[in-house]
Structures are given as structure tokens and as C-alpha cells.
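Work through these exercises with the structure open beside you. Try each task before you read its solution.

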Amino acid sequence: MADKTMTADEVVSRLASGMTLGIGGWGSRRKPMALVRALLRSGIGDLTVVAYGGPDVGMLAAAGRIRRLVTAFVTLDSVPLEPHYRAAREHGGLALTEIDEGMFQSGLRAAAQRLPFLPVRAGIGSDVMRAGPELRTVTSPYADGETLVAMPALRLDAALVHVHRADRLGNGQYLGPEPYFDDLFCEAADAAYVSCERIVDTAELTRAAGPQSLLLKRLAVTGVVEAPNGAHFTSCAPDYGRDEEFQRWYATTPWPEFAARFLGADEAAYRAAVEDWRTEVER
Amino acid sequence: MSATRAEYCVIACAEAWRDAGEVLASPMGLIPSLGARLARLTFAPDLLLTDGEALLVRPDGTPEGWLPYRQHLELVAGGRRHVMMGASQLDRYGNQNISRIGDRERPRRQLLGVRGAPLNTLNNPVSYWVPRHSRRVFVERVDMVCGVGYDRAAGLGAAARFHRIARVVTDLAVLDFATPDHSMRLVSVHPGASVEQVREATGFELAVPDGVPYTREPGAAELRLIREVLDPVGARTREVPQGAGG
């Protein structure tokens, strides 16, 4: 069976400008930040990003890589409003297709099931109906005659997600209380790239955790990247919590300064720069 | 010992879940959270509450269920939930905005985004919490309709059969939509605030019945729960300072 392990840069080499890219996690929680950092080191841009947005969206927006964002919110959780995303929106140039959290889930589901749409009650009567030209309604053919939103499939060219453990074949495991929607992102995408805290033998996956923790099936996974601390600075419980201090610094530092200090070289350089920063603030 | 303004707000929020039965209480923000937990410890013992993440927890913190976001969104569609959300803008028919101020292409202020407001308002009872009652929040027209109001719901037919906005609680007052045209009505003012003050801080014509009562007093047991069990460090006073308003 195929060994799907690759580096973050190899993942990025398979992506291209203009793609529709889904990013897993939720807000500032278990985001595939190492993959996002690799993306930022590349020249890839003009992206349509589909995400429950957090600092992944903030960083890509600050670097001018997003043409259109499809989302229900962008937040850093402990910092309610994502400052770089806000700035990008308020200066213009970042197009937004705003949909409800539940519509988002239905859109991924429709894509995963190869359906053109799924009916949802969310959205009717609100201004999300005017958030893009593509939202249409569908009327129930049964006696109730209810008019619902026909949420179009959110088909993705590629998905990026981060989990706690994976094997070399692409079976992915989450160990915290919350799977988010990472399985749906992978199933809705033509190619799915999974970073993980640690690659382990397949047998190791179920030694300490139940089989229901096996969130990602290898048939929906294209590549596996070992990226310890790869969700930093978002939370990745139980392996680690959010790095609140660093996130605050990210949120209050001008983007060019942050990018120059942390995003110039590879992931090892990022980790070293974070350690230097920590030593500095603790002094 | 008399109650503080923040404590009247907690009581007023708690009342949103009276007679809600065995449903999920989803309070967003500190004062609504204190209200929901107070309701469960007193007059609404069957309520379900989360730890703010993926677990349903008993009052002592014991997990009693699992509710990841994927199931939470489905539970909303099933309707067994009463949410209290925030509102950056709210109009006289209860249309709510938490997304942006200004133009869609280039907003003056980009806020959170619609989050689950469209889903919530068409599927389960919704209330709102506004910690600063002002004309900036209570506006003639919201810049983007995230939560659906009564005027919008009126034309939706069967899709709006579960639409209900139960109440709006602010640092000054309690409001609802129990008027013939479902426009906002003043229900009570918190002791220390006045009807005139509420009118002054509202950017549209509010329905004000004769003889608006004061928000009810907390009982001694309720005050003890708020002060000793639910919020011993007094975080509520940071959200609503004593004698707040205007």
C-alpha cells in the first residue's frame, strides 16, 4: 500500500493559484497552521478559501492571497475579531461569500455526497441570500410546500486539515473532544492533505483510543505530513492548548513585522523564532 | 442587601429560560451564561448546558453528554434549544446584525460574520443580550440582516413556522415583540433606570405601555447563588458596571 507521507512544501507544490481551498479546524482551534505557513512561503495566491475562519484566514488575507472567502465567521476566539482579516475587508479587495454555520456544513455534505445542493432552512429571510449571486431556493414537492435554501455543494480542489495522529496510509485520528468538520473537508475535496502531531504505526492508533477517534479514512486522504506543533498557535487539545500570549502578539503586531520575523524560512525556523520570542518576552 | 444592575441583568436573562423545559440553553456571553445557569439551579432544572466546548455538563461539572459542533448544528434544526445571542445592531422588528457595519464590498467595520444567526432564528427560540443599550445598537435599519426579524419572517410561509424572538435584555431594560405588528415593546426597566432613559437610548419609536413595571427583584437564594456560587469573583460587574446605562 502507498506510503503517503510528504513534507509541507511537497503539499504546497501540488497546489496552484486560483484554486478553491478548504481549511479545517474552527476559529482558532486545530488549524493546519504549518501547512498555511508553507503556503505563505510560496507564491500561491488568487485563492478561494472555504473555512470556519481563524488566523489561517487572517494570515492569508494579510498576505493578499485570498480573492474570495467563503465563511460564516472569522475569529481568534479569545480575541473576538481577527484584526488582519478586518483590515483586509475594510481596505477593500477581499470578496466575501457569507453563509451561515449550518449552511456551510450542508454545503460540505452536499459536495461529499456528490449532490448539487442540499435543502436547509437556515438563510431564508436573512441577507445571506444576497451575499452572493448563486443562492437559490427550492420548494418542497410534498404537501407542506415549504421553501428552503438550496445550499450548493462546496466542492474543493484541495483540503488542508490537522489532526493529532495519523498513519503513513492516511488514516487520521483526533484525540480531543471535538472533531470539527475535518472529515467533511477531506471528503468534499479532490485532494486532501493531512498534517498531524505524530505519525504512528496503524496498530498504535487504537491502542489507547477507541476506533471512533479515527476521523479520517485513507480513501479520502492524499498526503500525510508529520508536523509536531503544527497547529500552533491555535489550540490542539489534548496535545497542547492555544498559545494565547503569542496569539495576542500576532493580533497586535503589524503584519509586515510579524511575517518578516516568523514566516521567512521553513517550519524549523518558525519554531526557533517562536522560542526566541518567548525568551524575549519572559525576560 | 440590594441587587446591583448586573444582577438585575442576570435575573432578566434567566427569565428567558423559564418554562423552556428539557432543552439546550445556549447563552453567548457572560451575563447570559450566569442567567442560564441560575435558571437551571432554580426554576428550570431540566435545562441542558455545555461547558462552552463539546461537552454537556451537570451543574457540578460532571459530563452528561457529547455535543460537538456538527451535532449542535443539527440540534438547532431540531428546535430543542433556546439561544441568547449578542447583537451589534437590532431593529424594531428584531432583525439582528453581527456581521458588518456599512457596505458589503468594503465595510466600515468588519465584525464577526453571520455565525449561526440565520439558522438559529428560523429554527428555535432566540433572545438577545445587549450590554450597552444605545442608539448605535437599536437602529432604524440594520446594515445586514443576520438574525431574521418579524417583518422578514412574515412573508416566509412554512419556513418561518418555528420563528420566535422571545426577549431582548439590555443593561437598562427588558423588551419583547408582543405587539399587534410584532414591533419592539418595553416590558420592564431595571431599578435605577427610567422609561425616558430607554426611549432616549433607542433609535426608533418603541412601544411603551402605560405603567411599565420594574424588572423583578432577585430572591435571597438567587442573590446568594450569583454571588457565591456562579460568579464569586464578580466578573459580571465588568460587563455591566453598577448604575450602568445610557
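**Exercise 1.** Place Arg5(B) in its helix, then decide: is Arg5(B) buried or exposed? The model is a predicted one.

*Solution.*
Step 1. Find the element. Arg5(B) belongs to helix α1 of chain B, residues 5-14.
Step 2. Apply the cut-off. Buried means under 20% relative accessible area. Arg5(B) has 5% relative accessibility, so Arg5(B) counts as buried.
Step 3. Look for a polar partner. A polar atom of the Arg5(B) side chain lies 3.1 Å from the backbone oxygen of Asp171(B).
Step 4. Compare sequence with space. Arg5(B) and Val240(B) are 235 residues apart in sequence. Their C-alpha atoms are 6.9 Å apart in space.

**Exercise 2.** Repeat the analysis for Asp182(A). Which helix holds Asp182(A), and which side chain does its own side chain contact?

*Solution.*
Step 1. Asp182(A) sits in helix α6 of chain A, residues 182-187.
Step 2. The relative accessible area of Asp182(A) is 0%, so this residue is buried.
Step 3. The side chain of Asp182(A) makes a polar contact with the side chain of Arg30(A), at 2.7 Å.

**Exercise 3.** Describe the open sheet of six strands in chain B. Which strands stand at its edges?

*Solution.*
Step 1. Recall the principle. Strands of a sheet pair through backbone hydrogen bonds, either parallel or antiparallel.
Step 2. Write the order. In chain B it is β1-β4-β9-β10-β11-β12, and the pairing is mixed.
Step 3. Find the edges. β1 (24-27) and β12 (185-189) of chain B each have a single partner strand, so one side of each lacks a neighbour in the sheet.
Step 4. Check the turn. On average, neighbouring strands of this sheet are turned by 15° against each other, direction ignored.
Step 5. Zoom in on one pair. β11(B), residues 173-176, and β12(B) are antiparallel, with four bridges. Val174(B) has Ser188(B) in β12(B) as its bridge partner.

**Exercise 4.** Sort the side chains of strand β5 in chain A by face. Then trace how β5(A) and β6(A) pair with β7(A).

*Solution.*
Step 1. β5(A) covers residues 117-120, and its side chains alternate. Leu118(A) and Val120(A) point to one face and are buried. Phe117(A) and Pro119(A) point to the other face and are not buried.
Step 2. β5(A) runs antiparallel to β7(A), residues 147-152, and four bridges join them. Leu118(A) is paired with Met151(A) in β7(A).
Step 3. β6(A), residues 136-139, also pairs with β7(A) in the antiparallel sense, over four bridges. Here Val138(A) stands opposite Leu148(A).

**Exercise 5.** Characterise the second largest pocket. Which element gives the most to its lining?

*Solution.*
Step 1. Start with volume: about 260 Å³.
Step 2. Name the residues closest to the pocket's centre. Of the 14 that line it, these are Ser106(A), Pro119(A), Val120(A), Arg121(A) and Ala77(B).
Step 3. List the elements that give two or more residues. They are α5 (101-112) and β5 of chain A, with α3 (69-78) and α4 (117-123) of chain B.
Step 4. Pick the main contributor. α5(A) gives the most, with four residues.
Step 5. Classify the lining. Seven residues are nonpolar, four are polar and three are charged.

Key:
Residues numbered from 1 in each chain as written. Chains lettered and ligands numbered in written order. Predicted model: local features only at pLDDT ≥ 70, side-chain atom pairs only at ≥ 80, totals over all residues. Heavy atoms only, no water. Buried < 20%, exposed > 50% of the residue type's maximum accessible area, 1.4 Å probe, protein only. Pairing = 2+ DSSP bridges. 1 Å grid on protein atoms, 1.4 Å probe; cavity = no way out; pocket = protein on both sides within 12 Å on 5 of 7 lines; lining within 4 Å. Points joined across faces, edges and corners; volume = space filled by probe spheres on them. Nonpolar A, V, L, I, M, F, W, Y, C, P; charged D, E, K, R; others polar. Polar contact = N/O pair within 3.5 Å; in protein donor to acceptor, adjacent residues only side chain to side chain. Axes fitted to C-alpha atoms, helices over the stretch in contact; angles between N-to-C directions.
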